[in-house]
Amino acid sequence: SEMCIRDRLHGDDGIFSIETGSSERLRITSTGTVLKGLTTARANFGNNTSGVEYGFQIEGTTGITAGLSIIRNSNDANDGGIVLGKTRATSNGGNTVVQAGDDLGNLTFAGNDGSTMLFGAEIFAEVQSGVGNDDMPADLIFKTNGGSTSTAERLRIASDGRILINSTTSRNIGGSVTRLVQLESSGGGAGIACLLYTSPSPRDS
């Protein structure tokens, strides 16, 4: 087997690549974008009118070549993971506090519509009021695409654990107690909840 490292940073294209078996395996472009399975960075993501390229891109034609595996091996209950984070610092390595309304990170599911990678669903973590030393209240927000160019919020798990459907704010209804699950509508049948019980045999009365 062979491994070849090609440094063309001082050439016309400014590319650094790693090859094995006469095939390119990894490429770093002149702008610093890291590519695996691509020779040109993809920039046709939904609602990305400026054509911005994500900094690390992996593509393939199988689950193996297009996948990412993170595994921890240790004789304890701890795990590996991915951390998505946010600061309001203006330089790398900063520690400026975030504010209510800031997104801490998101997970996006996209599909190609024939020309762009359009967003079909998203999960966001959004900062809420009360940020302080060792305090980071946040809501978890779920969005889906109902058949348009963008996603819309459908469900929110508030920082206090309440579940909000078609609403972004917990409300006190009929007293001082805020309900654990809140379903809201501005009219029509969208605000109607239906709970069904199914059983293989008739229920006892």
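This note comments on a loop, a salt bridge, a pocket and a surface patch in the structure above.

1. The model is a predicted one, and the points below should be read as descriptions of computed geometry.

2. The loop between strand 7 (117–127) and strand 8 (138–144) holds Gln128, and Pro137 is placed in the loop between strand 7 and strand 8 as well. The C-alpha atoms of Pro137 and Val127 are separated by 6.0 Å, although the two residues are 10 residues apart along the chain. When neighbours within four places in sequence are left aside, Pro137 is in contact with Glu126, Val127, Gln128, Ser129, Gly130, Val131 and Ser159.

3. Gln128 has its own set of contacts, which, not counting residues up to four places away in sequence, consists of Ala100, Pro137, Ala138, Asp139, Arg156 and Ser159. The side chain of Gln128 is also joined to that of Glu126 by a polar contact of 3.1 Å.

4. Glu126 takes part in a salt bridge with Arg156, in which the closest N and O atoms are 3.2 Å apart. Because Arg156 belongs to strand 9 (residues 152–157) and Glu126 to strand 7, this pair ties together parts that are 30 residues apart in sequence. The count of salt bridges in the model comes to 8, and Arg156 is, in addition, among the residues that Gln128 touches.

5. Which residues lie nearest the centre of the largest pocket? They are Phe45, Tyr54, Phe56, Ile58 and Thr108, out of a lining of 23 residues, and the volume of this pocket is about 1,000 Å³. Strand 5 (56–58), strand 6 (103–112) and strand 7 each contribute at least two residues to the lining, with the largest share, 6 residues, coming from strand 6. Strand 7 therefore appears in two of these points, since Glu126 of the salt bridge with Arg156 lies in strand 7 and strand 7 also supplies at least two lining residues.

6. On the surface, Leu140, Ile157, Ile163, Leu180 and Val181 make a nonpolar patch of about 400 Å². Of these residues, Val181 has its place in strand 11 (residues 181–183).

Terms used
Residues numbered from 1 in each chain as written. Predicted model: local features only at pLDDT ≥ 70, side-chain atom pairs only at ≥ 80, totals over all residues. Heavy atoms only, no water. Helix = DSSP H or I, 4+ residues; strand = E, 2+ residues; numbered from the N terminus. Polar contact = N/O pair within 3.5 Å; in protein donor to acceptor, adjacent residues only side chain to side chain. Contact = heavy atoms within 4.5 Å. Patch = residues over 30% accessible without salt bridge, like charges linked within 9 Å, V, L, I, M, F, W, Y side chains within 5 Å. Areas by Shrake-Rupley, 256 points an atom, 1.4 Å probe, with all protein chains shown as cover. Salt bridge = Lys/Arg side-chain N within 4 Å of Asp/Glu carboxyl O. 1 Å grid on protein atoms, 1.4 Å probe; cavity = no way out; pocket = protein on both sides within 12 Å on 5 of 7 lines; lining within 4 Å. Points joined across faces, edges and corners; volume = space filled by probe spheres on them.
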